[in-house]
Amino acid sequence: MAAALVPVGLGGWLLWQGVSGAQDSGGSDAGKGETATATATPSGSGSAADSPSAEPSGTDGPSSGKPSGDASTSSSTPSPSPKPSTSPSPSPSGTTPRTGPLKGKVVVIDPGHNPRNRDHPTQIARQVDVGTHRKECDTTGTATNAGYSEAAFNLDLAHRLRKLLEEQGATVKLTQDNDRPYGPCIDERARIGNEAKADAVVSLHADGSSAGNRGFHVILPGKVKAGAADTSAIVAPSRELGERIAGGFVRRTGNAPSNYIGGGTGLDVRKDLGGLNLSKVPKVFIECGNMRDADDAAQLTNGTWRQKAARGISEGIAGFLKG
Ligand SMILES: [Zn+2]
């Protein structure tokens, strides 16, 4: 228990040795369903998702102002504004180099939920066909007890991740950038990755589980074939992608894998997520931590930590793309 064994494989893996001893409270609540999924949180039910007004419209939280680790690679780009790197919604490709080890690679980042979903309960409750079954278009996501929403977290992390990937030459597309009133629906999120012919897609989330449940996990697509869902071609590459992301996440954050899902591996396989079932390109979800646990929440709301998380995820993606 002191040391969780992070499964070895495909280069990026490592043994995780008890960095923070608090991770051992033998989790057993797996399967409660309180995960990234669209079904995770009671949509529209005003759960903690609508607490105070802690989120400044879904972008930079209070602590994200520092551009940590932003050593710029754009040596000779005269930037029009004095501070290009702190903008919460930088232009997707404006100041980034189109060279680098990931040149020619397409990455789709899917920031889970949408800060404004909560204002559109009817629209996001619409049922969509995900091949295996029908489920809600989207959900509100969770929030910390203090009211920092998962949707805001996901977007902030997406911006950080986009920057890191673009600096390496990748072409990056977000499924949403707080630029639409709600959604997109989970089927459209999958379609965006497919139509971009993405080399890798990562859906960013944070969980809303019980206090005491801690740590991250990566969700991999299970093998499904029903209706428009056929994951047979993506199960294997998605696992490799997910393992590399998990490895990078451990390495950069020093955090242990989830103590309540995945048996210490940091990996979970699911067949109920429309965003995975409908994907035709390698795709995983990551639950970066549990917003309802005070210790995890302290990290999730910290901009420096989020930068480490983004770096870990970016290194996992880069390893997958270069591998
Ligand atoms: Zn989520």
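A residue counts as buried here when its relative accessible area is under 20%, and both Phe249 and Trp305 fall in that class. Keep in mind that this is a predicted model. Let's look at a small aromatic cluster, in which ring pairs link Phe216, Phe249 and Trp305, and then at an arginine in helix 7.

**The aromatic pairs**

- The structure holds 2 aromatic pairs.
- Phe216 and Phe249 make a tilted pair, with 4.6 Å from centre to centre and 45 degrees between the planes.
- Phe216 sits in the loop between strand 5 (200–207) and strand 6 (217–221), while Phe249 belongs to helix 4 (residues 235–253), so this pair ties together parts that are 33 residues apart in sequence.
- Phe249 also pairs with Trp305, this time edge-to-face, at 5.9 Å centre to centre and 75 degrees between the planes.
- That second contact links distant parts of the chain, since Phe249 is in helix 4 and Trp305 is in helix 7 (residues 303–322), 56 residues apart.

**Burial of the rings**

- Phe216 has a relative accessible area of 1%, so this residue is buried.
- Phe249 has a relative accessible area of 0% and is therefore buried as well.

**Arg306 in helix 7**

- Arg306 is found in helix 7, the helix that also holds Trp305.
- With 0% relative accessibility, Arg306 counts as buried too.
- You can find a polar partner for the Arg306 side chain at the backbone oxygen of Leu300, which it reaches at 2.9 Å.

Methods: Residues numbered from 1 in each chain as written. Predicted model: local features only at pLDDT ≥ 70, side-chain atom pairs only at ≥ 80, totals over all residues. Heavy atoms only, no water. Phe/Tyr/Trp six-rings, centres within 6.5 Å; stacked < 30°, edge-to-face > 60°. Helix = DSSP H or I, 4+ residues; strand = E, 2+ residues; numbered from the N terminus. Buried < 20%, exposed > 50% of the residue type's maximum accessible area, 1.4 Å probe, protein only. Polar contact = N/O pair within 3.5 Å; in protein donor to acceptor, adjacent residues only side chain to side chain.
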